[in-house]
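Let's take a walk through this structure together, one place at a time. Have the sequence and the 3D view ready, and follow along as we go.

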Amino acid sequence: MRIITQQEFGDPEVLTIVDTPEPQPLPTEVLVRVKAIGLNPLEARLRAGEFPLLGRPPFVLGWDLSGVVGDAPQTWRLRPGDEVFGMPLFPRAANAYAEVVSAPALHLVRKPASLSHVEAAALPIVGLTAWQGLVDLGGVTEGDRVLIHGGGGGVGHVAIQIAKALGAHVIVTAGGSKREFVEGFGADEVIDYTAVDFAEVVRDIDVVLDTIGGGTAERSLGVLRPGGHLITAVAEEDSALAARFAAAGMRFSGVAVDPDPAGLSGLVGLVEQGKLRVHVQETFPFERVADAHRLLDAGHLWGKVVLTV
């Protein structure tokens, strides 16, 4: 089988396709013959050496995948031929930039027929980040006012739909060019951050979901109602910021996404109800992984980027 690996940190050109033996599934694992791989901005940072999650190369990037179970020798959860998707093992290496992956069966769920493999591979990390932030941590309920920073990105556009499905009034910050894009996913109000300071025009927010960082979480303190809740996917370890929120009588939570079969099942439920779709900006064949990473490096994505196998 083929994998995409790297021997050093650097630009997208360090990503190399090599042949290697297929992995052997351990008890409770399944062998997945991969059809599509979802890419995330984190992987571009890991490739470049900006973030030490996987240590030094060589390593194989990737977590989001969709494919078909080829072998399931010692688990009752899945069977050969099942179409599955998930983000196994995160934040440990899952080696998903590969044609075949061995993964814990518990970290995968069956793919709904209404999702293509490309769409399914795009969903796990962004979907679970939004689900764990808004459902598990935020406890968003009908009538809540939710502010989502970065509504046009991978996590953001999925978070809009989850918040709407929960009955919230959803306000998003996004560039002006993305207004129609985020409104198409259900945003009730859109603030063009290039023209308007959200901190000057928004008030009485129950839950803020910050997906962009850069001081946005701190500046969101003033828009929350008393007892409101800031959830950040980018500054979860900022203890000083957490202390500021606590001193102001607000809640502060960081969402460090983890494999979650219950959350994946919740996402599948929304998909099957027609309440959730994932936008794929562009797909690339396996062999063009460097081009896909150049797109990640450029930033300002509209939804997700996916490799096809």
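At roughly what angle do the axes of helix α3 and helix α4 cross? Keep in mind as you look that this is a predicted model. Helix α3 covers residues 124–137 and helix α4 covers residues 154–165; their axes come within 8 Å and cross at roughly 45°. Because angles from 35 to 65 degrees are neither roughly parallel nor roughly perpendicular, α3 counts as oblique to α4. The crossing in which α3 passes α4 is right-handed.

You can also pick out the residues that make this contact. On the α3 side they are Val-126, Gly-127, Thr-129, Ala-130, Trp-131, Leu-134 and Val-135. Facing them from α4 are Gly-154, Val-155, Val-158, Ala-159, Ile-162 and Ala-163.

Now let's move to a strand. Strand β11 spans residues 205–210, and Asp-210 belongs to it. Is Asp-210 buried or exposed? Asp-210 is buried, and yet it has no salt bridge. The nearest side chain of opposite charge is that of Arg-219, which lies 9.2 Å away. A salt bridge would need a side-chain nitrogen of Lys or Arg within 4 Å of a carboxyl oxygen, so Arg-219 at 9.2 Å does not form one with Asp-210. What does Asp-210 touch instead? Leaving aside residues up to four places away in sequence, its contacts are His-149, Thr-216, Ala-217, Ile-231, Thr-232, Ala-233 and Val-234.

The loops deserve a visit too, and we can start with the one between β2 (16–19) and β3 (29–39), where Thr-28 sits. Thr-28 is not a glycine, but its phi is positive, at about 75°.

Further along, the loop between α1 (41–48) and β4 (64–71) holds Pro-58. What kind of peptide bond joins Pro-57 and Pro-58? The bond is cis, with omega about 5°.

Our last stop is the loop between β5 (83–86) and β6 (100–104), which contains Pro-91. Phe-90 and Pro-91 are joined by a cis peptide bond, and omega there is about 10°. Leu-89 is in the loop between β5 and β6 as well. Its phi is near 70°, a positive value in a residue other than glycine. How does Leu-89 count in terms of accessibility? Leu-89 is partly exposed, because its relative accessibility is 27%, and the partly exposed class lies between 20% and 50%.

Technical notes. Residues numbered from 1 in each chain as written. Predicted model: local features only at pLDDT ≥ 70, side-chain atom pairs only at ≥ 80, totals over all residues. Heavy atoms only, no water. Helix = DSSP H or I, 4+ residues; strand = E, 2+ residues; numbered from the N terminus. Buried < 20%, exposed > 50% of the residue type's maximum accessible area, 1.4 Å probe, protein only. Lys, Arg positive; Asp, Glu negative; His and termini not counted. Contact = heavy atoms within 4.5 Å. Axes fitted to C-alpha atoms, helices over the stretch in contact; angles between N-to-C directions. Parallel < 35°, antiparallel > 145°, perpendicular 65-115°, else oblique. Left-handed = near helix turned anticlockwise from the far one by under 90°.
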